[in-house]
Amino acid sequence: MVEKAYAASREFLAYTQEQVDAIVAAMAQAAERASKELAEEAVAETGYGVAADKLQKNLLCSERLHEHIRPMKTVGIVHEDVAAKVLEIATPVGVVAAVLPTTNPTSTAMYKSLISVKGRNAVVISPHPNAVKCICHTAAILYEAARAAGAPENVIQCMTHSTFPGTQELMKHKRTGVILATGGHGVVHAAYSSGKPAFGVGPGNVPALIEKTADVKKAVADVVRGTTFDNGTLCSSEQAIVACESLRDRVMAELKANGAYLVNESEAAALARVMITPNFTVNPKCVGKAATAIAQIAGISVPPGTRVLVAPLTGVGRDYPLSAEKLSPVLALYFTATFEEGLDRCESLLRFGGLGHTCSIHSRDDTRIRQYGLRMPAFRVVVNSPSTLGSVGITTNLPPAMTLGCGAIGGNVTSDNIGPMHLINLKRVAWEVVGQASLPAALPSPAPLSMNEQQARMPAPLNMSTINKQTVAEIVAQFAAKHPPETKPAAPAPQAVTPPSAPPPPPPAPKIVDFVSESDVRVAMNRGEKIAIGPKTIVTPAARDLAAVHNTLVMHHRK
């Protein structure tokens, strides 16, 4: 399949911008027409999400995405800076290996195919094993439309027998140009370990801060809409509410009005047991399920119309499992006395499995909105809108995308919403603008010294027979006059000498850190040091993987 895709990409090089745009338009129109059918197929095959919401995702990745990428120049000279005398020429990456998830199968197939073909690339799709039928059906619809519009043969292909070893071969193939990986940590790690350029994404653990000036009614409705959208299958869906203490009564009333069920302490413990595995991953049986279905799995009785389960928490980390990413309509709930405490709480949530991804704030105070944006370690900060819809460009002007980069802090190569321009390389043609005559002249090299000149410049050797105590004393005196001694504090009173038999004092106990990122591990590796961690230390997945290879983490128990 990769060899066929490579041949298609070579043929694609001869196409004009007009030909490419006509092919992409035909693909988008075909995808839009089939959006409802494919949304229903995705839910039927995977058991995840809501068909009506998957329809919205499909329309985002067909109609809305096409509208966004249509004006982009991706063929030939795409930019010319006349003043600087530089041309930029688009060069396709060739073959795109597209690894797809089970949570957003059909929309991601549309999205990755459209942005690949827009850049004159061929794409080979590796579907999730639990979503092969709906993904391959989507690919077939797109391919048929592309071929009818004149695209090269085999420009879009889909693996009908999907295995992890097969996906690895796809990613490592010599003809593969770049990898677009969406899925769990194992898939993304394999993409980055393949030796090929890769765009992967990290997990999201999205906090929604409701600041005291917010429109509370809209803010709570937005958060509930975000976390229930397609039953929370997008990584940018809200995972926690952090609200000002003064808004407690209003927030609780609005949550109830929006179909929330507040779990008690024992119910929260039962919920945590069924939702979060011992390895702090989400139980697949709970991903993308309705709140009522999750409650039933946990043995919790809730009213029939319940839309979201809400768990009040007092902390973040492994002692509070529901503070992690849940990929379902389940929210953690926090109240803080001050705005600064709210910032701290939101940052801690992001650092517990959501670095670089997405966060949101609901506020009418522009200064505090900007303060939040500057502080949060996330590359999409959504304001006064559901984070789920805002992050992917449904309710904001962010680029429509289903692959959301988390930047270096999230272990990704970019923080962008991935689009066609990430799948082309820019060749630059630059004319001379500074002539050789204008360059500064190089300093002349000194002429080499002859042997006689070198000997003449050497200091005369000392006549050791003339050196005596008086001469040495004079030299020392001259040196001392030029280098007066530093004033030093008086020496302390003599201390009793410890008997040799006394044992040395024990070494100080290592300082156990509360959080470890990948950059912390790299710093420790460079210094040849170990990092002391405890049972409650938060370690990011990327940091744990790197530390395991180099044996950097040492477990200690506080006494």
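Strand β16, helix α18 (residues 518-527) and strand β17 together form a β-α-β unit, and the unit is right-handed. The model that shows this is a predicted one. The unit is a convenient place to start.

Its two strands lie side by side in the parallel sense: β16 (residues 513-516) pairs with β17 over three bridges. One position in this pairing can be picked out by name, since V513 has I533 of β17 as its bridge partner. Strand β17 also pairs with β18 (residues 553-555), again running parallel, and three bridges join the two. Here I531 is the residue that stands opposite L553 in β18. The strand β17 thus has β16 as one partner and β18 as another.

How many of the nine residues of β17 are buried? The strand covers residues 531-539, and seven of the nine are buried, which leaves it mostly covered. As a general point, side chains in a regular strand alternate between the two faces of the sheet.

The next stop is a loop residue. T403 sits in the loop that links α15 (387-391) to β15 (424-430). Is T403 buried or exposed? Its relative accessibility is 1%, and because buried means under 20%, T403 counts as buried. Leaving aside residues up to four places away in sequence, T403 touches Y111, K112, T182, V201, D416, N417 and I418.

From a buried residue the path leads to an open space. Rolling a probe the size of a water molecule over the atoms shows where empty space is left. The second largest pocket holds about 240 Å³ of space. Which element gives the most to its lining? Helix α11 (residues 265-275) does, with four residues. Among the residues that line the pocket are E265, A268, A269 and A272, along with V263, N264, P312 and L313. The lining also includes D319, Y320, P321 and L322. By class, nine of the lining residues are nonpolar, one is polar and two are charged.

One of these lining residues, D319, can be followed further. D319 is placed in the loop between β11 (308-312) and β12 (330-336). With a relative accessible area of 46%, D319 is partly exposed, because that class lies between the buried limit of 20% and the exposed limit of 50%. In sequence, D319 and R273 are 46 residues apart, and in space they are 12 Å apart, C-alpha to C-alpha.

Definitions and conventions: Residues are numbered from 1 along each chain as its sequence is written. This is a predicted model: local features need pLDDT of at least 70, side-chain atom pairs count only at pLDDT 80 or more; totals for chains, interfaces and linings use all residues. Side-chain values use heavy atoms; hydrogens and water are left out. Buried means under 20% relative accessible area, exposed over 50%, partly exposed in between (1.4 Å probe, protein chains only). Contact means heavy atoms within 4.5 Å. Two strands pair if DSSP finds at least two bridges between them. A crossover is right-handed if, with the strands pointing away from the viewer, the path from the first strand over the helix to the second runs clockwise. On a 1 Å grid over the protein atoms alone, a cavity is a set of points where a 1.4 Å probe fits but cannot get out, and a pocket is an open set with protein on both sides within 12 Å along at least five of seven lines; lining residues have an atom within 4 Å of a point. Grid points are joined across faces, edges and corners, and a volume is the space filled by probe spheres set on the points. Ala, Val, Leu, Ile, Met, Phe, Trp, Tyr, Cys and Pro count as nonpolar, Asp, Glu, Lys and Arg as charged, and the others, Gly among them, as polar.
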